[in-house]
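Subject: Structure for your review

Hello,

The structure is below. My notes on the ligand site and the main pocket follow.

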Amino acid sequence: MRKKIVAGNWKMNKTLQEGVALATELKDILAAEKPNCEVIIGTPFIHLATLSELLKDSVIAVSAENCANKASGAYTGEVSAAMVKSTGAEYVILGHSERREYYHETPEILKEKVDLALENGLKVIFCIGESEAERDNNQQEAVCKAELAGSVFHLTPEQWKNIVIAYEPIWAIGTGKTATAEQAEEIHAYIRKCVAEVYGAEMADETSILYGGSCKASNAPELFSKPDIDGGLIGGASLKAPDFKGIIDAWK
Ligand code: PGA
């Protein structure tokens, strides 16, 4: 059975102290009431070491939101996959549409990041998804397939076991517009079919595919009830413990 996952993506929010407070609140809530899914929080680099230590005996795993496409050296301001791993973080989010758009991360750059993350023992939450204009032109399938082919379909089957896919339609991120459960299920099933074409049906069946884009406690139960939706990647609603817990509870 593939893993059910609820992953937070704090983006560029929370000072160190605010992050510690939120993670502590979540840790306490989930210690009192065990989740029925894997719980991950994706945080800015500054939180990784502190939160990995704070959460080491908890059910919550820690993820970075980025890593460099170079192994080490004279790249001022960058943070390598090895450095992320050394904090105790288990995951890294790569391919987020905000990084593709604002920081010009191309499929080639993302492929380098994915390779380095896996080489350094991190698991990758790899994000894909179409823009509003692409959806209007019915290009969502082609866009998702090309993003997978461009950055992750070169991986070996052994490496693929450490990949989680997050489908995040750009038009639904932070906009309050969620894909309907039917729209999301349709493309999730298509993504699983693409994975099956490369890695076979059995591995595709083991691949967790998360939905992201204005996912909240009120719409998570319907989204997560679909057969190919294995959880969510949560932005805004991961910034308050009760909101995030409400989404985790969708697996109850
Ligand atoms: P949102 O962000 O939940 O705030 O729409 C999701 C994401 O970008 O991962």
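Which residues lie nearest the centre of the largest pocket? They are Met-12, Glu-65, Glu-98, Arg-99 and Tyr-103, out of 18 that line it. This is a predicted model, where local features need pLDDT of at least 70, side-chain atom pairs count only at pLDDT 80 or more, and totals for chains, interfaces and linings use all residues. Residues are numbered from 1 along each chain as its sequence is written, and side-chain values use heavy atoms, with hydrogens and water left out.

A pocket here is an open set of points on a 1 Å grid over the protein atoms alone, where a 1.4 Å probe fits, with protein on both sides within 12 Å along at least five of seven lines; lining residues have an atom within 4 Å of a point. The largest pocket holds about 500 Å³ of space (the volume filled by probe spheres set on the points, which are joined across faces, edges and corners). Helix H4 (residues 97-102) gives the most to its lining, with 5 residues (helices are DSSP runs, H or I, of at least four residues, numbered from the N terminus).

As for the ligand, 13 residues surround it, the closest being Lys-11, His-96, Glu-168, Gly-174 and Ser-214 (a heavy atom within 4 Å). Polar contacts are pairs of N or O atoms within 3.5 Å. To ligand oxygen atoms, a polar side-chain atom of His-96 lies at 2.7 Å, one of Asn-9 at 3.4 Å, and a backbone N or O atom of Gly-174 at 2.6 Å. The protein buries 95% of the 280 Å² that the ligand exposes when taken alone (Shrake-Rupley method, 1.4 Å probe).

Regards

Technical notes. A polar contact is a pair of N or O atoms within 3.5 Å; within protein, one must be able to donate a hydrogen and the other to accept it, and residues adjacent in sequence count only if both atoms are side-chain atoms. Helices (H or I, at least four residues) and strands (E, at least two) are DSSP runs, numbered from the N terminus.
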